[in-house]
Amino acid sequence: MPRRCMACIAAVTALACAAAAGLSAAGQGRGGPPRGPAREITQVTGDLYRARNGLWATAFLVTKDGIVLGDPINPDFAAWLKGQLDERFHVPVRYVVYSHSHFDHAPGGAVFAGTARFVAHENMARNMDGRYPQMPGDMIDRNSNGRIDQDDIMIPTNAAPGICGWGASFFTTWDRNKDGQVTPAELFADVPPPDIVYSDRMRLTLGGKVVELVHPGLNHADDMTVMYFPAERAVFAVDFLADALVTRRCIRCRARADRSTVARCRNGSSRTVPSSHSTSTCWSPATARCSGSRT
Ligand SMILES: [Zn+2]
């Protein structure tokens, strides 16, 4: 395996293990500074920025009438980010655009609820309607009880150690009533449901600037949105590009569609991708269904 792919696996291993920990508030070290994921805001181009929370990131576009924000990531990060946005830009967040419904990107938006509307692909509403949601890889409802059990997570975790699954702190984070199961309601307790949904493409305009939302089809998730910033020649894409660079062991058939995405990327027209987990991949907004056929 090429060395660069091993690096990708190392990165995703850390993601899987850190997912639950990333949702907890920054701890206080013994006699030291507060501990928590590294956070920073970097300018991508013009008024487009990337905000990082450890191995996760989101993007936002600043306009004179407000901010269009991508994933809130988690409540602690979102509270930090709101403080940063208020201090630096003095305009409110008007839209929160969910990349997808997964537990490690979607929570935390409540802090923006006073000023923002929440936008997502229509399948996110389905994933939040109380039924067992679509989750990464082989995290599925194995006994069809509609709840997330230890086996639903640990079987895929043990089948592909360090690649697919959650760390041991998963249930302590989301099993809010400590009954040994995680209900869909518990999983989404910190996720304001979308109040604007779209099916294929959607165009947001704010303060004279434009953000195009594109549903790339089924890939890592079934409710994925790519944010395309035409004036900035940039896109913000989450998870499915990283998946494509890693392995098909836990992603199974979906990896093929994701790799098709990357193959098309090589001829893409976008200049920059401030992805959630990497910044190095390009993607073409011209191929709206860039993940290829549904598998
Ligand atoms: Zn995901």
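Below, a biologist quizzes a modeller about this structure.

Biologist: Before we start, what kind of model is this, and how are residues numbered?

Modeller: It's a predicted model, where local features need pLDDT of at least 70 and side-chain atom pairs count only at pLDDT 80 or more, while totals for chains, interfaces and linings use all residues. Residues are numbered from 1 along each chain as its sequence is written.

Biologist: Why is Arg142 called partly exposed?

Modeller: Arg142 has 14 other C-beta atoms within 10 Å. Buried takes 20 or more within that radius and exposed takes 12 or fewer, with C-beta atoms placed from the backbone, so a count in between is partly exposed.

Biologist: Where does Arg142 lie?

Modeller: In the loop between α3 (122-127) and α4 (150-159); helices are DSSP runs of H or I, at least four residues, and strands are runs of E, at least two, numbered from the N terminus.

Biologist: What does Arg142 touch?

Modeller: Asp151, Asp152 and Ile155, leaving out residues up to four places away in sequence. A contact means C-beta atoms, placed from the backbone, within 7 Å. The C-alpha atoms of Arg142 and Ile155 are 9.6 Å apart.

Biologist: What makes a nonpolar core, and how many residues has the largest?

Modeller: A core is a set of buried Ala, Val, Leu, Ile, Met, Phe, Trp, Tyr and Cys residues joined through C-beta atoms within 7 Å. The largest has 60 residues, with Leu69 among those having the most contacts inside it. Strand β5 (residues 56-63) gives the largest share, six residues.

Biologist: Which residues does Leu69 touch?

Modeller: Among them are Phe60, Val96 and Phe112.

Methods. Two residues are in contact if their C-beta atoms, placed from the backbone, lie within 7 Å.
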